[in-house]
Every structure is written in C-alpha cells, then in structure tokens.
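User: I would like to go through the terms applied to this model one at a time and hear what each of them rests on.
Analyst: Let us look at the model and then take the terms in turn.

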Amino acid sequence: NAASSFRAYAARAGLKFITLISNDGAWGTEKHGQMLAIQRTVNTEFGDVRYDLIARAFGCGAERVREPAYLGPALDRAFAARGAYVIDVVTDPEAGRDRKEDPRLQMIAFDDLAQSRKRHYTPAVA
C-alpha cells in the first residue's frame with residue numbers, strides 16, 4: 001500500500017519523520033459501527049498486527065508500546081533517531097465504540113457523507 005511504500009522510501013532516503021500508530025487490532029470505528037448496524041463484524045478485526053516489525057523490515061526505526069508510561073520514553077527515542085521511526089501503540093480494542101455511541105462525538109461517515117453531515121455538522125465547532 002501507499003503508506004508502506006512511503007515508509008520504505010523514507011527509510012532509503014534517510015527522511016526524518018515519526019509515525020504513531022494507534023493499534024487496536026482492527027479498523028476500530030468501522031468494527032463498532034458494524035456492531036451497531038448489523039450486530040456482527042465483517043473483515044474489520046486483524047488480531048495482533050506488529051506494525052513495528054513491518055516498519056523495521058522497511059528499514060525504519062521502530063518499537064511497540066503497550067503501557068502509557070512507556071510512550072514518553074518511546075517518543076524521546078523517536079526524536080533522537082536519525083531517520084524514519086514508527087511507534088506501534090497498542091490501544092484498547094473497545095475504545096472506538098465511544099466514537100459510535102456517544103452523541104457528543106461527531107463523526108462524518110464516508111458511506112453516507114451528505115446525510116451524516118446534515119445530522120452531525122455543527123458550524124460553531126467546525
């Protein structure tokens with residue numbers, strides 16, 4: 001995919017950038033949207049994907065963070081690194097549900113952009 005190609009190019013070119021991946025093992029908001037709409041998931045759960053190892057395979061510096069206390073030190077290492085760096089942050093697989101169930105959170109759905117925008121768009125916030 002394009003992101004993998006960019007990381008490979010960035011590593012070869014020595015570009016300096018940091019990528020933080022919120023890894024919930026799924027397409028989180030899509031998974032929870034499917035649960036609300038059809039009470040099951042379809043092709044949204046990945047399991048334990050190691051984005052840090054993928055990044056290393058492309059020549060990037062990378063690490064995996066499982067605990068919030070380790071994120072700050074990981075960012076320090078990323079900023080100190082010479083090239084591209086990926087931090088694979090393992091997050092709560094259920095956290096995306098709030099974005100689908102909490103009416104205070106606004107989300108524009110790609111599948112129904114026009115209708116969703118009419119329902120959720122708040123000019124004062126946007």
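**What the terms rest on**

Analyst: In this predicted model, the secondary structure of the protein comes to six helices and three strands, and from the N terminus on the elements run α-β-α-α-β-α-β-α-α.

User: What makes β2 and β3 a pair of strands, and in which sense do they run?

Analyst: Two strands count as paired if DSSP finds at least two bridges between them. Between β2 and β3 (residues 85-90) there are five bridges, in the parallel sense, and therefore the two are called paired. As an example from this region, Glu63 has Ile87 in β3 as its bridge partner.

User: Why are β1 and β2 called edge strands?

Analyst: The three strands form an open sheet with parallel pairing, in the order β1-β3-β2. The edge strands, β1 (18-23) and β2 (61-65), each pair on one side only. Neighbouring strands of this sheet are turned by 15° against each other on average, with direction ignored.

User: What makes you say that α4 packs on the sheet, and how is the helix directed with respect to β3?

Analyst: Helix α4 (residues 71-80) touches β1, β2 and β3, and its direction makes about 170° with that of β3. Since angles here run from 0 to 180 degrees between N-to-C directions, the two directions are close to opposite.

User: How do you know that Gly83 meets a part of the chain far from it in sequence?

Analyst: Gly83, which lies in the loop between α4 and β3, is 66 residues from Phe17 in sequence, yet their C-alpha atoms are 6.8 Å apart in space. Contact requires heavy atoms within 4.5 Å, and, leaving aside neighbours within four places in sequence, Gly83 is in contact with Gly14, Leu15, Lys16 and Phe17.

User: Why are Ala10, Phe17, Ile21, Ala55, Cys60, Ala62, Ala84 and Val86 called a nonpolar core?

Analyst: The name asks for buried residues of nonpolar kinds that are joined through side-chain atoms within 4.5 Å, and buried means under 20% relative accessible area. These eight residues form the largest nonpolar core, so each of them is buried and belongs to that joined set. Beyond its neighbours within four places in sequence, Ala55 is in contact with Cys60, Ala62 and Val86. Apart from this core lies another, of six residues, among them Val65, Ala74, Tyr85 and Ile87.

User: What share of the protein's residues is buried?

Analyst: Buried residues make up 28% of the 126 residues in the protein.

Note on methods: Residues are numbered from 1 along each chain as its sequence is written. This is a predicted model: local features need pLDDT of at least 70, side-chain atom pairs count only at pLDDT 80 or more; totals for chains, interfaces and linings use all residues. Side-chain values use heavy atoms; hydrogens and water are left out. Helices (H or I, at least four residues) and strands (E, at least two) are DSSP runs, numbered from the N terminus. Buried means under 20% relative accessible area, exposed over 50%, partly exposed in between (1.4 Å probe, protein chains only).
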